[in-house]
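Colleague: I'm new to reading structures, so please take me through this one step by step. I'll ask, you reason out loud.

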Amino acid sequence: VVDLGMPNRTVLTTCAYCGVGCSFKAELRGDELVRMVPYKDGGANEGHSCVKGRFAFGYATHPDRVTTPMVRDSIDDEWREVDWDTAINHVATRFRELQDTYGQGAIGGITSSRCTNEEVYVVQKMVRAAFGNNNVDTCARVCHSPTGYGLKQTFGTSAGTQDFRSVAAADVIVVIGANPTDAHPVFASRMKRRLREGAKLIVADPRRIDLVRSPYIEASHHLQLTPGTNVAVVNAMAHVVVTEGLVDESFVADRCEEFDAWAEFIAREENSPEAVEAITGVPAEQLREAARLYATGGNAAIYYGLGVTEHSQGSTMVMGMANLAMATGNIGREGVGVNPLRGQNNVQGSCDMGSFPHELSGYRHVSDDAVREVFETLWQRPIIPEPGLRIPNMFDSALDGSFRGLFVQGEDIAQSDPNIQHVHAALEAMDLVVVQDLFLNETAKFAHVFLPGTSFLEKDGTFTNAERRINRVRPVMSSKTGKHEWEVPCEIAEAMGYEMSYDHPSEIMDEIASVTPTFAGVSFDKLDKLGSVQWPCNEAAPEGTPTMHVDAFVRGKGKFVATPFVATTERSSRKFPLLLTTGRILSQYNVGAQTRRTANVAWHPEDVLELHPHDAEERGISDGDDVTLSSRVGRTHLRAMISDRMPVGVVYTTFHHPDTGANVVTTENSDWATNCPEYKVTAVQVGLARHT
Ligand code: SF4
């Protein structure tokens, strides 16, 4: 134990783990961070915190941090430390050589939801203005890209409809494919408070998550569906609403369009609870009761997570939930809505900032001449009107030889992306992989240049949480790398011949505000004065917008979209008779690069495989046994945890440790609209490991 004494200064900043976006006072003594104290006036957390934000900050000063740039000619060589100028000139020269040889589209970049809005914005600007293409994507590709697509199609913008406070006015709470207790703990506390006050709870999840039954809380309905059948469930609920006369006729007539065609589709027998029971395993009567409760129980709010989006029908399901909310009038006021629980601290922001290959900031398509003109005038560079490559397209193009160089900002794609063997082969095929990160992560094993990044404690900028709240991130300590992270893409762009310089990240935000209507009223000064604001923040809403679509949808009328259920091709078989689904645990975070370097690792030192007692007995597996987990793409080892939270035929694991690597077995299947991987359904077999 190191006694750091009493703190003598504080800095107000924002947690860099999950999408709740809790505010903290970082208390320091000199340059030592003594503790993180949850801020009582934090808009998202109101004085609450969890074990990650409160205690797991030690990774920022962990000896594994790499703080000097490094280069090597081949991934078999040793790293050589170099100064920043050498590293940046090397990157710029190699990127230009690759473009000269293989074409302008031969390189691209990936932005990170771990980074600030300002850091993300400059990476996508570097790609569009200096690289001269739209080959920029974000790690949201592998989590909430279906949210972006589905909510834009139906409501007109790619964001949740409510603020977190809104849950206090909900009478019925529907949690689909989310486990807030582990993944969004501070929001889960708000939700539980409302549930203890008497709100009803419907949970749709293959696993009996903590919310289903915990002290003082019991879900009225647990729709324990077969993985991959979400769309059938939401269609069945909508079928009941339409066929039992539970539609909010005046809301639909005044606020929505294309209802009749949708109602004709949803009323078909194939969407009836009886038909859907055979697909999902959820009793028809439960589906009927849940639908009636949702439609007639007062304010009904949907909260969902990656158990919705990470499916081959992720985008369809998002639209299915939007249909259900519109049909029952559960949009546009407190206590209702359709709300994605974003995984990472700045998933919302990284998407808002124009990180998608088809969209500029504020979700405006690159094919829109008027929008392109705004950016072209400011940036003095032409923007290609066709979308660039998505992350999976980059991997495929690397393997066919047309994509040769990649800049990766703070994402460990070699651990986090599905079918990891395919990702590794693609990275090996590239001529130049540039990784900017805190640690030599799994992706850095394939890198030719390593550029050290900064932790959230060194950053100055903003994060945008799951409720569209833009929070300030303030530097608690000086940069350990001798450079601000936002400066690095700017300097690469300049070395490639495109002038891109700012004196301070507030100037980057000013530029974002000048080209992004939903951010038009945002500035560091305003954030410092108000604490935080929720976008849209502009002339019409100078102090931000807690609830969206109040009088009209962003797209004008809310649009009903038919959402036919299409079964995933990933099915159990004789060889792979079980279905694997994945998720997180409270103490750890995503690939674990940060939390594994804190004391939190003691609470979850390894990923385990949860399986039902029946499935375990059938295979002669006891609790704690070392087991193999295999799918058609790969095989790994885990320790077994026998748990009646699982239904028969479904197994579950987390993905926090690279040595067990759940993504060794996940497949190439992805959402039809966005290519978001189908992490939540993999046909697998489990067996006792044989040690020789
Ligand atoms: Fe950080 Fe999320 Fe925990 Fe809040 S709930 S302290 S944002 S990890």
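Colleague: How many bridges join strand β6 to β18?
Modeller: Quick heads-up: this is a predicted model, where local features need pLDDT of at least 70, side-chain atom pairs count only at pLDDT 80 or more, and totals for chains, interfaces and linings use all residues. Residues are numbered from 1 along each chain as its sequence is written. Strands are DSSP runs of E with at least two residues, helices are runs of H or I with at least four, and both are numbered from the N terminus. Two strands pair if DSSP finds at least two bridges between them, and β6 (residues 107-111) runs parallel to β18 with a bridge count of four.

Colleague: Which residue of β18 stands opposite Gly108, then?
Modeller: We've just seen that β6 and β18 run parallel. Find Gly108 and look across to β18, and you land on Leu406.

Colleague: And what is the bridge partner of Gln409 in β19?
Modeller: β18 pairs with strand β19 (residues 432-437) too, in the parallel sense, over five bridges. For Gln409, the partner in β19 is Gln436.

Colleague: Is β18 largely enclosed or left open by the rest of the structure?
Modeller: A residue is buried if 20 or more other C-beta atoms lie within 10 Å of its own, exposed if 12 or fewer, and partly exposed in between, with C-beta atoms placed from the backbone. Gly405, Phe407 and Gln409 point one way from β18, Leu406 and Val408 point the other way, and all are buried. Five of the five residues of β18 (residues 405-409) are buried, so the strand is largely enclosed.

Colleague: Which helix gives the largest share of the largest nonpolar core?
Modeller: A nonpolar core is a set of buried Ala, Val, Leu, Ile, Met, Phe, Trp, Tyr and Cys residues joined through C-beta atoms within 7 Å. The largest one has 107 residues, and those touching the most other members are Met126, Leu406, Val434, Leu609 and Val651. The largest share is nine residues, and they come from helix α3.

Colleague: Between which two domains does this core lie?
Modeller: Domain bounds come from an automatic or database domain assignment, which divides the protein into domain 1 (9-61), domain 2 (70-143 + 353-459 + 475-502), domain 3 (145-341) and domain 4 (578-688). Two of these both give residues to the core, so it lies between them: domain 2 and domain 4.

Colleague: Which helix gives the most to the side of domain 2 that touches domain 4?
Modeller: The centres of domain 2 and domain 4, taken over C-alpha atoms, are 30 Å apart. Residues are in contact if their C-beta atoms, placed from the backbone, lie within 7 Å, and 16 residues of domain 2 are in contact with 17 of domain 4. Helices α17 (413-416) and α18 (420-429) each supply at least two residues of that side of domain 2. With three residues, the helix that gives the most is α18.

Colleague: Back to α3: how far apart are its end C-alpha atoms?
Modeller: The expected span of a helix is 1.5 Å times one less than its number of residues. For the 15 residues of α3 that should be 21 Å, and the distance in the model agrees, at 20 Å.

Colleague: What is the phi of Gly132, which follows α3?
Modeller: α3 itself is mostly covered, with 15 of its 15 residues buried. Next comes Gly132, whose phi is positive, near 75°.

Colleague: Which strands stand at the edges of the three-stranded sheet?
Modeller: This open sheet has the order β21-β22-β23, with antiparallel pairing. Each edge strand has a single partner, so one side of it is left without a neighbour in the sheet; these strands are β21 (461-464) and β23 (532-534).

Colleague: How far is the C-alpha atom of Glu258 from that of Lys559?
Modeller: Glu258 lies in the loop between β13 (256-257) and α9 (259-266), and is partly exposed, with 14 other C-beta atoms within 10 Å. Leaving aside neighbours within four places in sequence, Glu258 is in contact with Lys559 and Phe560. Glu258 and Lys559 are 301 residues apart along the chain, yet their C-alpha atoms are separated by 6.1 Å.

Note on methods: Two residues are in contact if their C-beta atoms, placed from the backbone, lie within 7 Å.
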